[in-house]
Amino acid sequence: MPEQPSNTTRFQAFAAPARVLMGPGPSDIPERVLRAMARPTIGHLDPAFTSLMEEIKALLRYAFWTRNELTMPVSGPGTAAMECCVVNLVEPGDKVVVCRNGVFGGRLKEMVERCGGEVVLVDEPWGRAVDPERLEAALRAHPDARLVAFVHAETSTGALSDARTLVEIARRHGCLTLVDAVTSLGGAPLHVDDWGIDAVYSGSQKCLSCPPGLGPISLNERAVEKVSRRKTPVQSWFMDLNLVMAYWGSGSNRTYHHTAPVNALYGLHESLLMLYEEGLEAAWKRHYRHHLALRAGLEALGLQFIVPEGERIPQLNVVAVPDGVDEGRVRRRLLQEHRLEIGAGLGPLAGKVWRIGLMGYSSRPENILHCLDALGRVLATEGVRVDAAEAVRVAEQALAGPAVAGGAG
């Protein structure tokens, strides 16, 4: 028998504290999405749910800027979407060029190796975009490569790579492409069809402003052909797209695969509908405009970005921790005293940077000003000479200025 709680234990409903989420994810969730998730649950084979599935697929095509028939959410977080794409596209012995410039490029490498793929690694410094010339050199040295995988927006460092150019190089060498768009989807220009991306995946909890737990993917005909012509079974039954497509496919002949997370999909549908109503290019411009305002305020606090200006993710701002400052204590104080969550560094950047997100519903003027005021106040009491009021002032000035070009792709 399991150990029973003592007689003094009193369980009660969990009361989630109110936070301002400005880390690397999850982002703030709009009340409209939370209300959608509270609607009555229906069966995952209900005809009404089938109609919802079709709308989700259409809205995801809009978000990915694609006409790909195979566009759907994987039942699992962005990492599950990553693994779904890898296990379907990589067979034992396949040579795969993986570009690694942070944690998630490294995760791609590990997944390819677990599938029996032979990895050709293009390693970049953390905080820099993938160098197209280095990818070109790797493909020239390995003409038998079959797939190129890279992260568009590397969440661990804040670096944004030139996906269009990288895909063009890969296709010129006869390779399929797999692109991580977990942090870029909905927040930065991403043109799946126009750029020729073969397979792409994302997550629900960042710029889509939906709770974690769903991983949108999109594969074009070239990628689907690779999956359907595999010589070996996909090593994961649950992630085998040959099976999943029979459930998420069009028409009334859907076959049962798994019990879909119905209420979570209500939320995804609502968040995608909100993106559609705002307009995709308008959302890209909003994220970029707010990045400029936050950047002005952070620089007024004396904080320095670790990524060169032309390679930054607008919706994920990574700044160096000032010398002598206990970065963990600052984050704890922001959470306890100001209800504000920002992110810590990962890997070799642990303890050295803060990751400040402006993703989806978190990308609002009031969040920017709250973040700058809170961070400035805490830094001042930690012995750093800063002027929180000035940081807020320059951000307000940037927000009140004329509309900026850029961010629309």
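Trainee: Where does W237 sit?
Mentor: W237 is in the loop between α8 (221–228) and α9 (241–248); helices (H or I, at least four residues) and strands (E, at least two) are DSSP runs numbered from the N terminus. Keep in mind that this is a predicted model, where local features need pLDDT of at least 70 and side-chain atom pairs count only at pLDDT 80 or more, while totals for chains, interfaces and linings use all residues. Residues are numbered from 1 along each chain as its sequence is written, and side-chain values use heavy atoms, with hydrogens and water left out.

Trainee: Is W237 buried or exposed?
Mentor: W237 counts as exposed because its relative accessibility is 55%; the classes are buried under 20%, exposed over 50% and partly exposed in between (1.4 Å probe, protein chains only).

Trainee: Which residues make a nonpolar patch with W237?
Mentor: F238 and L243 join W237 in that surface patch, with about 300 Å² of accessible area together. The areas are Shrake-Rupley values with a 1.4 Å probe, and only the protein chains shown count as cover for residues. Patch members have over 30% relative accessible area and no salt bridge, with nonpolar side chains (Val, Leu, Ile, Met, Phe, Trp, Tyr) joined within 5 Å and like charges within 9 Å.

Trainee: Switching to salt bridges, how many are there in the whole structure?
Mentor: A search finds 27, each a side-chain nitrogen of Lys or Arg within 4 Å of a carboxyl oxygen of Asp or Glu. Take R364 and D28, whose side chains meet at 3.1 Å, N to O. R364 is in the loop between β14 (353–357) and α13 (365–381) and D28 in the loop between β1 (20–21) and α1 (31–37), so this pair ties together parts 336 residues apart in sequence. Both R364 and D28 are buried.

Trainee: What about E382 and R333?
Mentor: Their side chains meet in a salt bridge too, at 3.0 Å, N to O. E382 is in the loop between α13 and α14 (388–400) and R333 in helix α12 (residues 327–338), so distant parts of the chain, 49 residues apart, are linked. R333 counts as buried because its relative accessibility is 18%.

Trainee: And how far apart are R393 and E390?
Mentor: The closest N and O atoms of that salt bridge are 2.8 Å apart. Both residues lie in helix α14, three residues apart, about one turn of the helix. R393 is partly exposed at 40% relative accessible area, and E390 is partly exposed at 29%. Elsewhere, salt bridges with shared partners join R32, R39, E270 and E277 into one network.

Trainee: How many disulfides does the structure hold?
Mentor: Zero, where a disulfide is a pair of cysteine sulfur atoms within 2.5 Å.

Trainee: Why no bond for C175?
Mentor: Because the closest cysteine sulfur, in C99, is 11 Å from that of C175, too far for a bond. C175 is buried, with a relative accessible area of 1%.

Trainee: Last topic, helix α2. How many residues does it have?
Mentor: α2 (residues 47–64) has 18 residues and reaches 26 Å from its first C-alpha to its last, close to the 26 Å expected, the expected span being 1.5 Å times one less than the number of residues. Its buried residues include F49, L52, M53, I56 and F64.

Trainee: What follows α2?
Mentor: W65, with a positive phi near 55°.
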